[in-house]
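Open the model in your viewer and keep the selection tool at hand. This tour goes stop by stop.

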Amino acid sequence: SLSLQWNSIVEVEALALALREQRTLTTLDLAWNGLGDAGAAALAAVVAALPDGEGVRHLDIAHNRMSSQSTSSLCELVSRLDALAVSGNPLGGDSVGALLIAHRDSGGQCELQAEQVAVRPDTAVANLLALVTAGQDVDIDAHMPPDLVRRAEAARAASHQQLAAREAKAKAAGKPKKANGTSKSKQAQGKTGAPTKAKGATGTLAPAPAPSWNRDVQVEPMS
């Protein structure tokens, strides 16, 4: 096991790479860091890539500033891990509902800890969450209202789209820009070769006057 609590970890790429290469570490505590939604996505990708039953099986990512944008990532984690702690992350009721559905769909084998996750205490999802985290066998279909199921599924779908968009943006930002071999002066002139507009001017620059020695000069005869 490895505990990295309170280490101000924000960038998780190096850690994710190390987790991909090892098979002996089974318990990882990353609570009280600053992983955020990007960190949740990176950890979910690592766990999903590992062979079943190998690598990290118990993961604590409590108090890591994860929001509803981490819904799809957390659903992936709860579907594959033996234990997952997400307490102290402001997920919201719809995201927690999606997490409970994913927990049910995976057979309910993951030990889930989810306290103080921005869920109102007088709601159906709060009651279900309390039962699930207590290890009780709960019939989600019978106790989760249909409107909550719809919102939970929508929250997971929206989170997945946001994750895909973020990954596409990061991939595009990592591509090197192509050099076109055109000088700045030619780029400024434009494709048509038209005169360059002065900065802040509305028209084009007028051609410069001819040098004075090229003008016709009249010389008066000497008396």
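Which residues in α3 meet which residues in α7? Select T71, S72, S73 and C75 in α3. Then add A155, R156, S159, H160 and L163 in α7, which they meet. By class, the residues of this contact are three nonpolar, five polar and one charged. Keep in mind that you are looking at a predicted model.

**Stop 1: the crossing of α3 and α7**

Now show both helices in full. Helix α3 covers residues 71-80, and helix α7 covers residues 146-173. Their axes come within 7 Å of each other. The crossing angle is roughly 105°. Angles of 65 to 115 degrees count as roughly perpendicular, and α3 and α7 are therefore roughly perpendicular to each other.

**Stop 2: α3 and α4**

Stay on α3 and add helix α4, residues 93-105. Here the axes come within 9 Å and cross at roughly 25°. Why is α3 described as roughly parallel to α4? Angles under 35 degrees count as roughly parallel, so α3 is roughly parallel to α4. The crossing of this pair is right-handed.

Next, pick out the side of α3 that meets α4: T71, L74, C75, V78 and S79. Their counterparts in α4 are S95, A98, L99, A102 and H103. This contact has six nonpolar residues, four polar ones and no charged ones.

**Stop 3: α3 and α2**

Keep α3 once more and select helix α2, residues 36-49. The two pack at an angle of about 35°, and their axes are 9 Å apart. Is the crossing left-handed or right-handed? α2 passes α3 in a left-handed crossing.

On the α2 side, select A40, A41, L43, A44, V47 and A48. On the α3 side, select S73, E76, L77 and R80. Sorted by class, the contact of α2 with α3 holds seven nonpolar residues, one polar and two charged.

**Stop 4: the sheet**

Leave the helices and colour the strands. Five of them form an open sheet in the order β1-β2-β3-β4-β5, with parallel pairing. Which strands stand at the edges? They are β1 (2-3) and β5 (111-113). Each has a single partner strand, so one side of each is left without a neighbour in the sheet.

Zoom in on β2, residues 27-29, and β3, residues 58-60. This pair runs in the parallel sense, joined over three bridges. Select L28 and find its bridge partner in β3, L59.

**Stop 5: confidence**

Finally, colour by pLDDT. The protein averages 83, and 78% of the residues score at least 70. Select residues 177-205: the pLDDT there is below 50. Beyond near neighbours in sequence, this stretch has 12 contacts in the model. Then select residues 210-223, where the pLDDT is also below 50. That stretch has two contacts beyond near neighbours in sequence. Where pLDDT is low, the predicted coordinates should not be read in detail.

How values were computed:
Residues numbered from 1 in each chain as written. Predicted model: local features only at pLDDT ≥ 70, side-chain atom pairs only at ≥ 80, totals over all residues. Heavy atoms only, no water. Axes fitted to C-alpha atoms, helices over the stretch in contact; angles between N-to-C directions. Helix = DSSP H or I, 4+ residues; strand = E, 2+ residues; numbered from the N terminus. Parallel < 35°, antiparallel > 145°, perpendicular 65-115°, else oblique. Contact = heavy atoms within 4.5 Å. Nonpolar A, V, L, I, M, F, W, Y, C, P; charged D, E, K, R; others polar. Left-handed = near helix turned anticlockwise from the far one by under 90°. pLDDT = per-residue confidence, 0-100. Pairing = 2+ DSSP bridges.
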